[in-house]
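Welcome, and thanks for taking a look at this one. Please have the chain open in your viewer as you read, and we will walk through some of its features together.

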Amino acid sequence: MHSIVTLISGRGSNFEAIVKTAQKENWAVQFSGVIANRPEAKGLDFARSEGIPALALDHKAYPDRATFDQALMQQIDLLKPDLVVLAGFMRILTPEFIRHYAGKLINIHPSLLPSFPGLHTHERALEAGVETHGASVHFVSEGVDEGPIICQATVPVLPGDSAAQLAARVLQMEHQIYPRAVKWFLDGRLRIEGNQVKVYPPESQLFAHE
C-alpha cells in the first residue's frame with residue numbers, strides 16, 4: 001500500500017478531492033499525514049475528521065526558509081511517503097528540499113503552464129485576453145512551476161468573467177485532474193522523459209471543461 005503526505009497552507013480543497021476520490025474508488029493508499037505551514041489552515045480540520053494525522057509547522061517560527069524546510073523534511077520523512085502532494089502549499093521550496101523528493105513531489109498550478117507561472121494567474125489571464133485558461137499538475141523542479149507536466153485541464157474564458165468566476169471554473173477542474181494524476185503515479189504509470197511525462201498505457205493527459 002502506497003503512502004501519501006500532503007502539504008497545505010489553507011483549506012486544502014484539492015487534498016479533500018483526492019481523499020474523497022480515493023474513498024469512492026477504493027484506492028490501495030494510506031494518507032499518512034497532512035502538514036500545514038499555517039496553524040489556522042482549514043484543511044487540518046478536514047484531515048482530522050477523516051482520521052488522517054494532521055500537523056501544523058508554522059514557518060514563522062523559523063529564522064529562514066532553509067531552516068523551515070529542514071524541519072519540514074524531518075517531519076515528512078518520519079511518515080515515509082511514496083508521494084508528497086502539494087495542495088495549495090504557498091511556499092517556494094529550497095533546492096535541497098526539491099532534490100530530496102525528486103520524482104515523488106507533485107504540485108497543481110492554476111494555469112496552463114508554461115503560461116502564467118507564479119501568482120495571480122486568473123487576473124493575468126484576463127489581462128492577457130486569452131480565450132482558454134486552465135490548470136496543470138506537474139512534478140516539482142527547482143524552477144518555479146517549470147517541472148514536467150503530468151496533465152492539464154482547459155476551461156473557457158467567458159465574456160465578462162471576473163477573476164473569481166474564472167478561478168471557480170478552474171478549481172472545479174483541478175478537483176478532477178489532481179486525483180487522476182495521483183492515481184497514475186500510485187499505479188506506476190508515469191514516466192518522465194526529458195521534460196515531458198508520458199502515461200503508460202497511453203491515456204489522454206488533457207481534460208476539458210464541459
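## Around Ser9

Leaving out residues up to four places away in sequence, Ser9 touches Asn37, Arg38, Ala41, Ala87, Gly88, Phe89 and Met90. As you explore, keep in mind that this is a predicted model. Ser9 sits in the loop between strand E1 (2–8) and H1, and the side chain of Ser9 reaches the backbone nitrogen of Met90 at 2.8 Å.

Is Ser9 buried or exposed? Ser9 counts as buried because its relative accessible area is 4%, and the cut-off for buried is under 20%.

## The largest pocket

Two of the residues touched by Ser9, Gly88 and Met90, turn up again here. Gly88, Met90, Ile108, Pro110 and Leu119 are the lining residues that lie nearest the centre of the largest pocket. This pocket holds about 1,100 Å³ of space and is lined by 37 residues. If you are thinking about its chemistry, the lining splits into 17 nonpolar, 14 polar and 6 charged residues.

Which elements supply at least two residues each of the lining? They are helix H1 (13–25), strand E5 (105–109), helix H5 (121–128) and H6. H6 gives the largest share, with 6 residues.

## Nonpolar cores

Helix H6 (residues 163–186) also provides the largest share of the largest nonpolar core, 10 residues. That core has 44 residues, and Phe15, Phe31, Ile150 and Val182 have the most contacts inside it. Apart from this core lies another, of 18 residues, among them Leu7, Phe68, Ile76 and Val84. In soluble globular proteins, nonpolar side chains tend to be buried together.

Take Ile150 as a place to zoom in. Beyond residues up to four places away in sequence, Ile150 touches Ile106, Val137, His138, Phe139, Ala181, Trp184, Leu190, Val197 and Gln205.

## A buried arginine in H6

Arg169 is another resident of helix H6. With a relative accessible area of 13%, Arg169 is buried, since the cut-off is under 20%. Setting aside neighbours within four places in sequence, the contacts of Arg169 are Val155, Pro156, Val157, Leu158, Asp161 and His209.

## Gly118 and Asp145

Gly118 is in the loop between E5 and H5 and counts as partly exposed, at 27% relative accessibility. Outside its neighbours within four places in sequence, Gly118 is in contact with His109, Arg124 and Asp145. For a sense of distance, the C-alpha atoms of Gly118 and Thr21 are separated by 28 Å, and these residues are 97 apart along the chain.

Asp145, one of the contacts of Gly118, lies in the loop between strand E6 (132–139) and strand E7 (149–156). Asp145 is buried, with a relative accessible area of 15%. Its phi is near 55°, a positive value in a residue other than glycine.

## Backbone details to check

Lys80 is not a glycine either, yet has a positive phi of about 50°. This lysine is found in the loop between helix H3 (65–78) and strand E4 (83–86). Unlike buried Asp145, Lys80 is exposed, with a relative accessible area of 64%.

Where are cis peptide bonds found? One joins Leu113 and Pro114, with omega about 10°, and Pro114 is in the loop between E5 and H5. Another joins Tyr200 and Pro201, with omega about -10°. Pro201 lies in the loop between strand E9 (196–199) and strand E10 (206–208).

Note on methods
Residues numbered from 1 in each chain as written. Predicted model: local features only at pLDDT ≥ 70, side-chain atom pairs only at ≥ 80, totals over all residues. Heavy atoms only, no water. Core = buried A, V, L, I, M, F, W, Y, C linked by side-chain atoms within 4.5 Å. Buried < 20%, exposed > 50% of the residue type's maximum accessible area, 1.4 Å probe, protein only. Helix = DSSP H or I, 4+ residues; strand = E, 2+ residues; numbered from the N terminus. Contact = heavy atoms within 4.5 Å. 1 Å grid on protein atoms, 1.4 Å probe; cavity = no way out; pocket = protein on both sides within 12 Å on 5 of 7 lines; lining within 4 Å. Points joined across faces, edges and corners; volume = space filled by probe spheres on them. Nonpolar A, V, L, I, M, F, W, Y, C, P; charged D, E, K, R; others polar. Polar contact = N/O pair within 3.5 Å; in protein donor to acceptor, adjacent residues only side chain to side chain.
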